[in-house]
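Please look over the structure shown here and follow how its charged pairs, its buried residues and its empty spaces are arranged. The report below takes these topics in turn.

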Amino acid sequence: MTNLATITESPCSADVSWDGVDLPTLAQRVGTPCHVYSAASIRQRIGALQAALRGLDALVCYAAKANSNIAILQLMAQAGFGADIVSAGEMRRSLRAGIPAQRIVFSGVGKSAEEIVEALTAGIARFNVESEDELHLLQRLAAEQGVIAHAAVRVNPDVDALTHAKISTGKSENKFGVGIDEARRWFADSAQFTHVRLDGLHVHIGSQMLDLAPIRVALQRVADFWRELAAAGRAINSIDVGGGLGVCYRAGRDQPMVIEDYVAVVRGALAGFGGRILFEPGRWLVAEAGALLTRVIRVKQGRQRRFLVVDAAMTELLRPSLYDAWHEIVPVTRERRPSQVYDVVGPVCETGDTFAVERELPRCEAGDLLMIRTTGAYGASMASTYNSRPLVAEVLLDHGRYAIVRRRQTVEDMLAGEQPAREWEVT
Ligand code: LLP
């Protein structure tokens, strides 16, 4: 039986049970494909982060985009964590999961007026403002409501996070945040923002970072700016250091940073800062706690390659198609079999619907159950219904029990809201 310790320490070991739940039985009952999450693994990461943060005035705002299932958000709420949101939808999920508005921060370059109003009405803790236009809009909407919005400037420190280009956010050519020169002007002009209390700094340079060096440089730039502002008599009450901590997708290749080392870098860079430090980890808390269960539909011998066609697709896990991401694939069986090389592909009509190329796996046949690992972050939350594939079930495992935390969508659920053009209107 795989316990929590073995699953986190050796994410590539094959086994048939997880968090005390027998996976073949679960797959029989719930069907495949389905996402499974180990509550014990998530609690372990929460505990490790809390231990590393001891002694700091810190608030963890879990990046809801990593996995926004309400049951996952509830685990964060139970730990006293807040949420980092990027849409009104994520705010509603977080509130529904029991995360208080006072622990919610709102990031993103495209917050709409409607979303800002909804967040002001809910009374969220802070807006991470990413453009001057947004700052003026926030001022206007807060003034209309007669409230004061708390805001942080998202600083773009122009640092290369040394990660995949599509998830790198801290270079000056990226759409995120503003340069320190612009931020400096905002503070100088802040008297005109009568309904925005601009007293925070925010930085987030990228995701799946395995190297501490770029984080150190980015935080140093932010810390220098905070000291400059403080010297000019500008109180900064919070510094949000973002998320971005990488995880191990491929044993022996990915070497994630140790959480204590990461926090030590934050402590070092922000030494002497008297305000609150916000953290926005997403992936690190949930990625390794999730797996995608899928069944082999058939083995297809092509002219040049042998394909393992499985019932999961890019609709359930987009990362390999979008970022060429590597995910471990293991058969859920105790049987020992000789190995075989496959391209593991889904049923979607795109060549990019490929989970693995030339992967050596134990020989498989139709009906075999496989587990695609490390899918707890940016798996279900990036799902789509492309090719008219209904959204799949999500299951939370917890010490020998399981609960369906998202029921499988039916085709009827998927079609709800669509209709033939019967009633026409003109503008
Ligand atoms: N804070 C902000 C402002 C963010 O934009 C993000 C992620 C996070 C925190 C959380 O980052 P994390 O700790 O999870 O690395 N879909 C991609 C990842 C996109 C990340 C977007 N922003 C993937 O599957 O790799």
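Asp-181 counts as exposed, because its relative accessibility is 54% and the cut-off for that class is over 50%. In this predicted model, Asp-181 pairs with Arg-184 in a salt bridge whose closest N and O atoms are 2.8 Å apart. Both residues belong to helix 8 (residues 180-188), where they are 3 residues apart, about one turn of the helix. Arg-184, with a relative accessibility of 34%, counts as partly exposed.

A second pair, Arg-389 with Glu-316, has its closest N and O atoms 2.9 Å apart. Arg-389 lies in the loop between strand 17 (369-373) and strand 18 (393-398), while Glu-316 lies in the loop between strand 13 (306-310) and helix 12 (319-323), so this salt bridge ties together parts that are 73 residues apart in sequence. Both partners count as buried, Arg-389 at 15% relative accessibility and Glu-316 at 2%.

A third salt bridge joins Asp-413 to Arg-407, with 2.7 Å between the closest N and O atoms. Here Asp-413 is partly exposed, at 27% relative accessibility, whereas Arg-407 is exposed, with a relative accessible area of 55%. Some of these interactions share partners, and in this way Asp-181, Arg-184 and Glu-228 are joined into one network. The structure holds 19 salt bridges, among them the three pairs listed here.

| Salt bridge | Closest N and O atoms |
|---|---|
| Arg-184 and Asp-181 | 2.8 Å |
| Arg-389 and Glu-316 | 2.9 Å |
| Asp-413 and Arg-407 | 2.7 Å |

The next topic is the nonpolar interior. In soluble globular proteins, nonpolar side chains tend to be buried together. The largest nonpolar core of this model has 88 residues, of which Phe-127, Leu-201 and Tyr-262 touch the most other members. Helix 9 (residues 213-231) supplies the largest share of this core, with 8 residues. Because domain 1 (9-37 + 287-415) and domain 2 (107-281) both give residues to the core, it lies between them. A second, separate core is made up of 18 residues, including Trp-18, Val-21, Val-330 and Met-371.

What does Tyr-262 contact, once its neighbours within four places in sequence are left aside? Its partners are Leu-212, Ile-215, Val-241, Gly-242, Leu-245, Met-257 and Phe-279. Tyr-262 is also one of the residues that line the largest cavity, together with Val-203, His-204, Ile-205, Met-209, Ile-215, Ala-218, Leu-219, Val-241 and Gly-243. Ile-215 and Val-241 therefore appear in two settings, as contacts of Tyr-262 and as part of the cavity lining.

Rolling a probe the size of a water molecule over the atoms shows where empty space is left. The count comes to 4 cavities of 30 Å³ or more, and the largest cavity has a volume of about 70 Å³. Helix 9 gives the largest share of the lining of that cavity, 3 residues. The largest pocket, by contrast, has a volume of about 610 Å³. It is lined by 35 residues, and those closest to its centre are Lys-65, Thr-169, Phe-176, His-204 and Tyr-378. Helix 11 (283-286) and helix 12 are the elements that give two or more residues to the lining of this pocket. His-204 is found in the lining of the largest cavity and also among the residues closest to the centre of the largest pocket.

Two further buried residues, Val-247 and Thr-374, can be read together. Val-247 sits in the loop between strand 10 (238-240) and helix 10 (259-269), and with a relative accessibility of 1% it counts as buried. Leaving out residues up to four places away in sequence, Val-247 touches Arg-45, Gln-208, Leu-210, Asp-254, Pro-256, Arg-283, Trp-284, Ala-287, Glu-288 and Thr-374. Val-247 and Gly-177 are 70 residues apart in sequence, and their C-alpha atoms are 25 Å apart in space.

Thr-374 is found in the loop between strand 17 and strand 18, and its relative accessible area of 3% makes it buried. Beyond residues up to four places away in sequence, Thr-374 touches Val-247, Cys-248, Tyr-249, Ala-287, Glu-288, Gly-290 and His-327. Ala-287 and Glu-288 are thus contacts of Val-247 and of Thr-374. Thr-374 and Glu-328 are 46 residues apart in sequence, with 7.5 Å between their C-alpha atoms.

Definitions and conventions. Residues are numbered from 1 along each chain as its sequence is written. This is a predicted model: local features need pLDDT of at least 70, side-chain atom pairs count only at pLDDT 80 or more; totals for chains, interfaces and linings use all residues. Side-chain values use heavy atoms; hydrogens and water are left out. A nonpolar core is a set of buried Ala, Val, Leu, Ile, Met, Phe, Trp, Tyr and Cys residues joined through side-chain atoms within 4.5 Å. Buried means under 20% relative accessible area, exposed over 50%, partly exposed in between (1.4 Å probe, protein chains only). Helices (H or I, at least four residues) and strands (E, at least two) are DSSP runs, numbered from the N terminus. Domain bounds come from an automatic or database domain assignment. Contact means heavy atoms within 4.5 Å. A salt bridge is a side-chain nitrogen of Lys or Arg within 4 Å of a carboxyl oxygen of Asp or Glu. On a 1 Å grid over the protein atoms alone, a cavity is a set of points where a 1.4 Å probe fits but cannot get out, and a pocket is an open set with protein on both sides within 12 Å along at least five of seven lines; lining residues have an atom within 4 Å of a point. Grid points are joined across faces, edges and corners, and a volume is the space filled by probe spheres set on the points.
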